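Trainee: I am new to this structure and would like to learn how to read it. Could we go through it together, feature by feature?

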Amino acid sequence: MQKTWWKEAVIYQIYPRSFMDSNADGIGDLKGITSRLDYLKYLGIDVIWLSPVYKSPNDDNGYDISDYQEIMDEFGTMDDFDEMLKEAHARNIRIVMDLVVNHTSDEHQWFVESRKSKENKYRDYYIWREGKDASTPPNNWGACFGGSAWEYDSETKMYYLHLFSKKQPDLNWDNPNVRNEVFDMMTWWCEKGIDGFRMDVISMISKTKEMPDGEVHDLYGDFAPYCIHGPNVHKYLQEMNKQVLSKYDIMSVGETAGVTTDQAKKYAGEDTNELNMVFQFEHVESDGKYGKWTDEKFPLTTLKEIMSRWQTELYGKAWNSLFWDNHDQPRAVSRFGNDSPQYRETSAKMLATCLHMMQGTPYIYQGEELGMTNYPFQNMKEFRDIESFNAYNEWCKSGHLSHETFWPCLTFKSRDNARTPMQWDTSKHAGFTAATPWIAVNPNYTQINAKAQTADQNSVFHYYKKLITLRKQHPIIVYGSYELLLKESEQIFAYTRTLEQEKLLVVCNFTDTAVSFQIPEEFKNAKCLIANTERSYQDTDIQLKPYEAFVLLK
């Protein structure tokens, strides 16, 4: 297995709008990020994945880009970006940009031109179709943020495709001019000195020529068979690799919703010349009751089967991305652990142990290292996310579900849970801003904040810091093979890692009750690398405490 820096790295995702505000306008910015680089250096991370900072009208918080080579006004200037990049590199922290090229903003100059006439030279940069008739879209596909995936444009009396918001028209990657424009833009950023790309919904860039009605799920037809892992996606990514990625010492990770392990080996195989790794979402998307929406935690056996399959089937063939949460998911400790005051810290440490001891590159989402929790939403006015508003309108206002039925699902899974401001200290607005923040701060910031945790050696922060240090000290954590234990247990997630003569045992109790566990004989007298509970591991028969986790090395 080839050794590389990005396999050994720990990556920290920053959602700039919510990380740190430097100019008291209530919105996080680039200077704010620069001011907190020493905090990240102290934590020990190697790479920052920066959610979009490009010029954008912010229909979808920056994932609708109007200019790929300018900075969003609210976030600062290109000089601010260059300063942040320089200061990060001075601390040996790399910067990975979020590449959003399945779609642009409808305010991007390409689309402004494209919609002017059918003869415009930019017309074919996007996907235009005639309707079935004067009032019916080309097909029944639903968009990811609700409603039809087609928007009628009166100027040319045709529809354009948008798999997300109607302000995010999809690019036509079958047009070589589009691909060349994208590759030139990527090269421009690489020449500036960035260290890689996280590629937003990259598995959706190739669509079939035929666009029939999709099978109806929930309220609309499903576009997935025609727009995800499309006919030319690997051809286009190999072209991207040849034109850009292979020319720089950078990392690439693709967001590939709906990907299987076999498909992942194509996207991120050791020798396929496409991407370094992919994000798969099985472990965070297999639990919906109403589309993606639910208030239930799915069975531990299901979680273990998914995680273990990715561990074993990619081993030696492709590389895993490891994550519990990100800007599109609720807070990990609320979703997979227990965010009650009694168990929040212990379960946050347990989840961190479970993930960071697996094979792959771990991603920490801002605030995860503090055990930040879901926000206690009381009404719709507190939300900011387009997906949450659209979902409430589509499920409740249309009468499909009652408010009482849908509200717990919305508050449990909303993306806004991850987007509340970073909790720095106990001052007003958690030290995030001196102004009114663009989205409310979680009221528990007085108990959960970075200042308190960096000063407390037993905090969640210092536990993450130790996990990151262990990863740098023990190659087995990065490169060892994986084997699941206790497959049928609904309480314990246990597995081993093996590399040459070394072996790790990782044991995590996912419940709030004590559970009996027998340490395998071969780990008797093994060294405890890390644990979230004080105890001796010399006895083989133990009672795991609620949310206990430990790692033994022999």
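Mentor: Gladly; below we talk through salt bridges, a sheet, nonpolar cores, a helix, a pocket and some backbone angles. Please keep in mind that this is a predicted model.

Trainee: Let me start with charges. How many salt bridges does the structure hold?

Mentor: There are 36 salt bridges in the structure. Some of them sit within a helix, and here a general idea helps. An α-helix has 3.6 residues a turn, so residues three or four places apart point the same way.

Trainee: Where in helix 4 do Glu 83 and Lys 86 stand relative to one another?

Mentor: They are three residues apart in helix 4, and therefore about one helical turn separates them. Their side chains meet in a salt bridge, with N to O at 3.9 Å. Glu 83 is partly exposed, at a relative accessible area of 37%.

Helix 9 (residues 261–268) offers another case: Asp 262 and Lys 265 are three residues apart there, separated by about one helical turn. In their salt bridge, the closest N and O atoms are 3.4 Å apart. Asp 262 counts as exposed at 51% relative accessibility, whereas Lys 265 is partly exposed at 22%.

Trainee: And which parts of the chain are linked by the pair Asp 73 and Lys 55?

Mentor: The side chains of Asp 73 and Lys 55 form a salt bridge of 3.1 Å, N to O. This pair links distant parts of the chain: Asp 73 is in the loop between strand 4 (67–71) and helix 4 (78–90), while Lys 55 is in strand 3 (residues 54–55), 18 residues apart. Asp 73 is exposed, with a relative accessible area of 62%, and Lys 55 is partly exposed at 31%.

Trainee: Which residues are linked in a network of salt bridges?

Mentor: The network links Asp 60, Lys 292, Asp 328, Asp 385, Glu 387, Arg 415 and Arg 419. Keep Lys 292 and Glu 387 in mind for later.

Trainee: How should I read a sheet?

Mentor: Strands of a sheet pair through backbone hydrogen bonds, either parallel or antiparallel. One sheet here is open and has three strands in the order 6-8-7, with antiparallel pairing. Strand 6 (128–129) and strand 7 (150–153) stand at the edges with a single partner strand each, so one side of each has no neighbour in the sheet. Strand 6 pairs with strand 8 (residues 158–161) over two bridges, and Arg 129 stands opposite Tyr 159 in strand 8.

Trainee: Strand 7 is at an edge. Is Asp 153 buried or exposed?

Mentor: Asp 153, which lies in strand 7, counts as buried at 6% relative accessibility. Leaving aside residues up to four places away in sequence, Asp 153 touches Arg 115, Trp 128 and Met 158.

Trainee: What about the nonpolar interior? Which residues have the most contacts inside the largest nonpolar core?

Mentor: They are Phe 81, Met 186 and Phe 197, in a core of 144 residues. Beyond its neighbours up to four places away in sequence, Phe 81 touches residues including Leu 30, Ile 71, Met 97 and Trp 189. Another core, of 18 residues, lies apart from the largest one; among its members are Ile 127, Leu 161, Cys 227 and Ile 228.

Trainee: Which helices does helix 15 pack against?

Mentor: Its buried residues pack against helix 10 (282–285), helix 12 (332–335) and helix 14 (386–397). Helix 15 spans residues 403–413, and its buried residues include Phe 406, Trp 407 and Leu 410.

Trainee: Which residues lie nearest the centre of the largest pocket?

Mentor: Ala 143, Cys 144, Glu 285, Lys 292 and Glu 387 do, from a lining of 45 residues. The space in this pocket is about 1,300 Å³. Helix 14 gives the most to the lining, with five residues. Lys 292 and Glu 387 also belong to the salt-bridge network.

Trainee: Finally, what should I look for in the backbone angles?

Mentor: Most residues other than glycine have a negative phi, and most peptide bonds are trans. His 429 has a positive phi of about 60 degrees although it is not a glycine. His 429 is in the loop between helix 15 and helix 16 (450–454) and is buried, at 18%. Tyr 547 also has a positive phi, near 60 degrees; Tyr 547 sits in the loop between strand 21 (541–544) and strand 22 (549–553) and is buried at 5%.

Note on methods: Residues are numbered from 1 along each chain as its sequence is written. This is a predicted model: local features need pLDDT of at least 70, side-chain atom pairs count only at pLDDT 80 or more; totals for chains, interfaces and linings use all residues. Side-chain values use heavy atoms; hydrogens and water are left out. Buried means under 20% relative accessible area, exposed over 50%, partly exposed in between (1.4 Å probe, protein chains only). Helices (H or I, at least four residues) and strands (E, at least two) are DSSP runs, numbered from the N terminus. Contact means heavy atoms within 4.5 Å. A salt bridge is a side-chain nitrogen of Lys or Arg within 4 Å of a carboxyl oxygen of Asp or Glu. Two strands pair if DSSP finds at least two bridges between them. A nonpolar core is a set of buried Ala, Val, Leu, Ile, Met, Phe, Trp, Tyr and Cys residues joined through side-chain atoms within 4.5 Å. On a 1 Å grid over the protein atoms alone, a cavity is a set of points where a 1.4 Å probe fits but cannot get out, and a pocket is an open set with protein on both sides within 12 Å along at least five of seven lines; lining residues have an atom within 4 Å of a point. Grid points are joined across faces, edges and corners, and a volume is the space filled by probe spheres set on the points.
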